[in-house]
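Open the model in your viewer and keep the selection box ready. This tour says what to select and what you will find there.

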Amino acid sequence: SSTSSTSTTTSTTTTALTTTAGTIMALCPSAPAADVVLLLDSSGSLGTDGWATVLEFAQNYLQAVNNSLNGVRVATVIYSRANQAQVIHDFDDVAVAASRLQAAPFLNSRTDTAGAFRFVFETLINVSDVTTVGRRPAVDTRLVVISDGIPNDAATQIEFNSNGGSLIFDHGVETFAIGLSTLTSPLTPALSWLSNGNSDNELRITNPDALAADAGVREVANLSVCNVVVRTTRSTSSTSS
């Protein structure tokens with residue numbers, strides 16, 4: 001069972017993205033507090049160069065959203081096969097997030113995205129005491145998934161939800177789907193599975209190298225943090241039984 005109370009606020013503070021000596025500065029330092037799970041596809045189709053680009057993006061994203069204990073907190077999870085998913089850093093690992101991302105391994109296997117959603121839910125969302133992973137019960141939790149392939153563990157939206165997606169969606173976690181390579185095709189419906197059918201929360205980046213560049217980081221940060229309307233503020237942690 002689960003319980004929560006909600007209130008509604010709005011904020012859309014945004015500033016220009018700039019770089020100084022290669023360091024990305026905070027894009028929206030006054031964005032409302034949020035706990036963001038960055039879910040990174042580490043499947044074999046990326047290749048080693050593609051994985052390096054995804055990790056570079058993650059490093060830049062943390063800087064762009066001003067990853068901090070008081071504002072936007074980011075936890076990063078990588079996945080390939082369902083049983084390979086792992087937490088690279090929790091929400092409160094601000095001081096070590098960058099170094100842990102640099103050491104994140106290339107898993108180089110399948111694209112079990114539904115299983116990864118289940119892993120995120122069980123490891124970071126549906127925990128009896130959210131503070132053990134650095135989550136704050138009184139702020140929004142969001143999921144940003146970066147993937148380049150159609151999930152291997154689902155063939156339809158219904159199957160994706162059944163295999164893990166609905167655990168995230170039904171818990172009220174707003175999900176943002178960033179598609180690379182195969183997932184950029186308008187003929188591929190799988191990106192909408194990851195966003196739970198919300199096209200406003202989808203972004204297709206046709207050139208994977210552009211993901212880690214200023215424009216790519218800007219687009220993802222604006223979509224998932226800077227321009228988000230904060231719909232709910234959770235006042236209680238919850239677990240399902």
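The stops below cover a sheet, a pair of helices and a cavity.

**Before you start**

Keep in mind that this is a predicted model.

**Stop 1: the sheet**

Show the strands as arrows. Look for an open sheet of 6 strands. Walk across in the order β5-β4-β3-β6-β7-β8. The pairing along the way is mixed.

Now select residues 86–89, strand β5, and residues 202–205, strand β8. Which place do β5 and β8 take in the sheet? They stand at the edges. Each has a single partner strand, so one side of each has no neighbour in the sheet.

Turn the view to see the twist. Neighbouring strands here are turned by 20° against each other on average, with direction ignored.

**Stop 2: one edge, close up**

Add residues 174–180, which form strand β7. β7 and β8 run parallel, joined by 4 bridges. Which residue of β8 does Ala177 stand opposite? Select Glu202 to see that partner.

**Stop 3: two helices crossing**

Hide the sheet. Select helix α3, residues 113–125, and helix α4, residues 157–169. Two packed helices are described by the angle and the distance between their axes. For α3 and α4, the axes come within 7 Å and cross at roughly 35°. The crossing is left-handed.

Show side chains where the helices touch. On α3, pick Thr113, Ala114, Gly115, Phe117, Arg118, Val120, Phe121 and Ile125. On α4, pick Phe160, Ser162, Asn163, Gly164, Gly165, Leu167, Ile168 and Phe169. Colour them by type: this contact has 9 nonpolar residues, 6 polar and 1 charged.

**Stop 4: a cavity**

How many cavities of 30 Å³ or more does the model hold? The count is 2. Visit the second largest, with about 30 Å³ of space.

Select its lining: Leu46, Gly50, Thr53, Val54, Leu180, Pro208 and Asp209. By type, these divide into 4 nonpolar, 2 polar and 1 charged. Which helix gives the most to this lining? Select residues 47–64: that is helix α1, which supplies 3 residues.

Terms used. Residues numbered from 1 in each chain as written. Predicted model: local features only at pLDDT ≥ 70, side-chain atom pairs only at ≥ 80, totals over all residues. Heavy atoms only, no water. 1 Å grid on protein atoms, 1.4 Å probe; cavity = no way out; pocket = protein on both sides within 12 Å on 5 of 7 lines; lining within 4 Å. Points joined across faces, edges and corners; volume = space filled by probe spheres on them. Nonpolar A, V, L, I, M, F, W, Y, C, P; charged D, E, K, R; others polar. Axes fitted to C-alpha atoms, helices over the stretch in contact; angles between N-to-C directions. Left-handed = near helix turned anticlockwise from the far one by under 90°. Contact = heavy atoms within 4.5 Å. Pairing = 2+ DSSP bridges.
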